[in-house]
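Here are a few exercises to work through with the model in view. Try each task yourself before you read its solution.

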Amino acid sequence: MADDKFILALDQGTTSSRAIVFDHAGNIKAVGQKEFRQHFPKPGWVEHDASEIWSTQIGVAQEALSKAGIRASDIAAIGITNQRETTVIWDRHTGKPIANAIVWQDRRTAGYCDSIREQHAKTLQDKTGLVLDAYFSGTKVKWLLDNVEGARERANRGELAFGTIDSWLVYNLTGGELHITDATNASRTLLYNIHTGEWDDELLQILDVPRSVLPEVRNSSEVYGKTAEGLLGAQIPIAGIGGDQQAATFGQACLQKGMAKNTYGTGCFMLMNTEGEAVPSQNKLLTTVAWQLGGKRTYALEGSVFIAGAVVQWLRDGLGIIRSSEEVEALARTVDSSEGVMLVPAFVGLGAPYWDSYARGTMVGITRGTTKAHIARAALESIAFQSAELLEAMQKDSGATLKELRVDGGASNNDLMMQFQADILGVPVVRPKITETTALGAAYLAGLAVGYWQSTDEIAQQWQEDKRFEPQMDAAERERLMKRWKKAVERSRAWEEE
């Protein structure tokens with residue numbers, strides 16, 4: 001395919017919608033980005049207006065094209081990557097959502113999860129690779145059907161459609177023609193059997209979700225359809241879908257067994273490629289579909305930290321000790337260490353390897369000499385500590401020893417934190433030239449489907465190192481700090497009453 005064409009990646013995240021135009025070398029030609037509102041109707045509840053997500057996403061797509069100075073006809077394909085687990089239900093006839101989308105961070109179904117845990121957690125984990133938690137889409141679907149007036153009756157009549165954000169975008173991009181998802185997003189619902197590659201009747205029964213609302217599951221890379229006429233100025237093939245963390249793993253070219261990446265975004269997500277084997281976790285990690293190409297599924301082990309970059313936003317918006325997120329590194333550098341301060345950002349509970357919905361944020365080790373610089377440093381270190389616990393669990397589960405950790409996402413540009421991450425892991429941390437790996441992964445998935453790139457080998461060759469952080473801390477100090485961290489985590493656990 002001619003080099004004068006481009007790929008458009010739609011990167012629909014938790015706090016903003018973005019669109020990035022990539023060229024054949026995987027370089028960024030233009031970016032459009034727009035933040036949208038976060039709704040917090042009750043403590044622990046997080047919602048988005050799905051219509052606002054769609055309007056911001058199509059808006060930034062048009063903006064990226066105009067910034068790049070190209071027309072829709074210059075785009076070879078569109079790839080989509082999305083915040084996962086966020087749940088939308090809409091009316092098939094009007095295309096309107098029946099309620100706000102329930103965001104992946106939302107904890108409203110924690111009590112329901114507790115009520116079915118003893119009876120069903122093992123079945124759910126065996127079939128889906130997931131732990132039973134309010135994080136995943138399935139319990140959110142049930143909640144919407146049970147709590148929006150008339151929803152369950154309408155669902156039973158076939159009038160409603162459920163989707164994660166990828167499905168919602170494709171539905172709107174195609175003018176309501178397609179109701180699909182890909183295997184990576186399906187594998188985050190608690191409703192999809194990752195071994196058979198199908199929606200599972202037993203799982204649907206457990207979570208009381210009617211089959212009639214479900215999208216069709218497709219490959220992560222194939223031509224699904226085209227954008228509706230009049231939407232972007234030309235009909236463009238939609239050819240790639242991947243949940244954000246899986247797309248980032250693909251964009252980081254972690255294409256072989258044992259390769260791992262960590263994305264530092266609102267949350268932190270570490271994935272390790274386990275190729276064709278869905279490794280069951282003994283350490284409370286998730287087993288997930290990394291991507292599905294030509295009907296063949298590649299699996300990964302995944303660990304999630306719910307609050308990573310969001311702790312820096314809290315320093316900015318909640319405490320007001322920095323004016324912009326970029327200032328945190330400079331502030332933290334004004335002290336040599338956190339002087340024993342440990343901040344556990346369990347603001348919405350703890351993810352892997354704890355899965356404690358009732359943990360809450362805590363700060364320990366404060367003395368009269370503690371300053372905002374120590375708190376800033378402790379906040380950055382908390383992100384690295386949480387990631388180190390994920391890697392520990394991952395190496396136990398997979399039996400693989402990590403050679404290096406590839407990193408991406410906004411906070412990966414923070415050199416102080418990346419050095420501390422290498423120190424606390426004891427393995428090199430490597431940042432690529434292009435840190436927009438989530439969008440790049442979506443672009444690669446779409447480009448492969450239309451022959452814009454020929455093979456995964458070609459993609460692996462495009463990956464380029466920008467900076468490597470070698471561990472400098474001795475093992476005794478690393479062990480001492482990890483021990484203190486785990487002690488601090490214990491102080492935060494089971495704080496809320498059920």
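Helices (H or I, at least four residues) and strands (E, at least two) are DSSP runs, numbered from the N terminus. This is a predicted model, where local features need pLDDT of at least 70 and side-chain atom pairs count only at pLDDT 80 or more, while totals for chains, interfaces and linings use all residues. Residues are numbered from 1 along each chain as its sequence is written, and side-chain values use heavy atoms, with hydrogens and water left out.

**Exercise 1.** Find Glu-85 and Pro-353, and say what the backbone does there.

Step 1: Go to the loop between strand S5 (75–82) and strand S6 (87–91), where Glu-85 lies. Its phi is near 70 degrees, a positive value in a residue other than glycine.

Step 2: Move on to the loop between strand S19 (342–344) and strand S20 (362–364), which holds Pro-353. Ala-352 and Pro-353 are joined by a cis peptide bond, with omega about -5 degrees.

Step 3: Why pick these out? Most residues other than glycine have a negative phi, and most peptide bonds are trans.

**Exercise 2.** Work out how the two domains of the chain meet.

Step 1: The domain assignment (bounds come from an automatic or database assignment) gives domain 1 (6–235) and domain 2 (253–497). Their centres, taken over C-alpha atoms, are separated by 24 Å.

Step 2: Look at the contacts, meaning heavy atoms within 4.5 Å. Here 50 residues of domain 1 touch 42 residues of domain 2.

Step 3: Now take the buried area, which is the accessible area (1.4 Å probe) that two parts lose on being put together, summed over both. Between domain 1 and domain 2 this comes to about 3,600 Å², and carbon and sulfur atoms give 59% of that.

**Exercise 3.** Locate the residues that UniProt annotates as "binding site", and see how they sit in space.

Step 1: The unreviewed UniProt entry lists Thr-14, Thr-15, Ser-16, Thr-266, Gly-309, Gln-313 and Gly-410. UniProt positions are given in the numbering used here, feature names are shortened, and annotations may be inferred rather than shown by experiment.

Step 2: These residues span 397 residues in sequence, yet no two of their C-alpha atoms are more than 14.0 Å apart, so they gather at one spot.

Step 3: For a place to start, try Thr-14, in the loop between strand S1 (6–12) and strand S2 (16–22).

**Exercise 4.** Describe the two largest cavities.

Step 1: Get the term straight. On a 1 Å grid over the protein atoms alone, a cavity is a set of points where a 1.4 Å probe fits but cannot get out, a pocket is an open set with protein on both sides within 12 Å along at least five of seven lines, and lining residues have an atom within 4 Å of a point. Grid points are joined across faces, edges and corners, and a volume is the space filled by probe spheres set on the points.

Step 2: The whole structure has three cavities of 30 Å³ or more. In the largest there is about 100 Å³ of space, and 15 residues line it, with Leu-350, Gly-351, Ala-352, Tyr-354 and Gln-386 nearest its centre.

Step 3: The second largest cavity, of about 50 Å³, is lined by Arg-377, Leu-380, Glu-381, Leu-416, Met-417 and Phe-420. H11 and helix H12 (415–425) each supply at least two residues of that lining.

**Exercise 5.** Which domains line the second largest pocket?

Step 1: This pocket holds about 310 Å³ of space. Its lining has 21 residues, and the closest to its centre are Arg-117, Leu-132, Asp-133, Tyr-354 and Trp-355.

Step 2: Domain 1 and domain 2 each give at least three residues to the lining.
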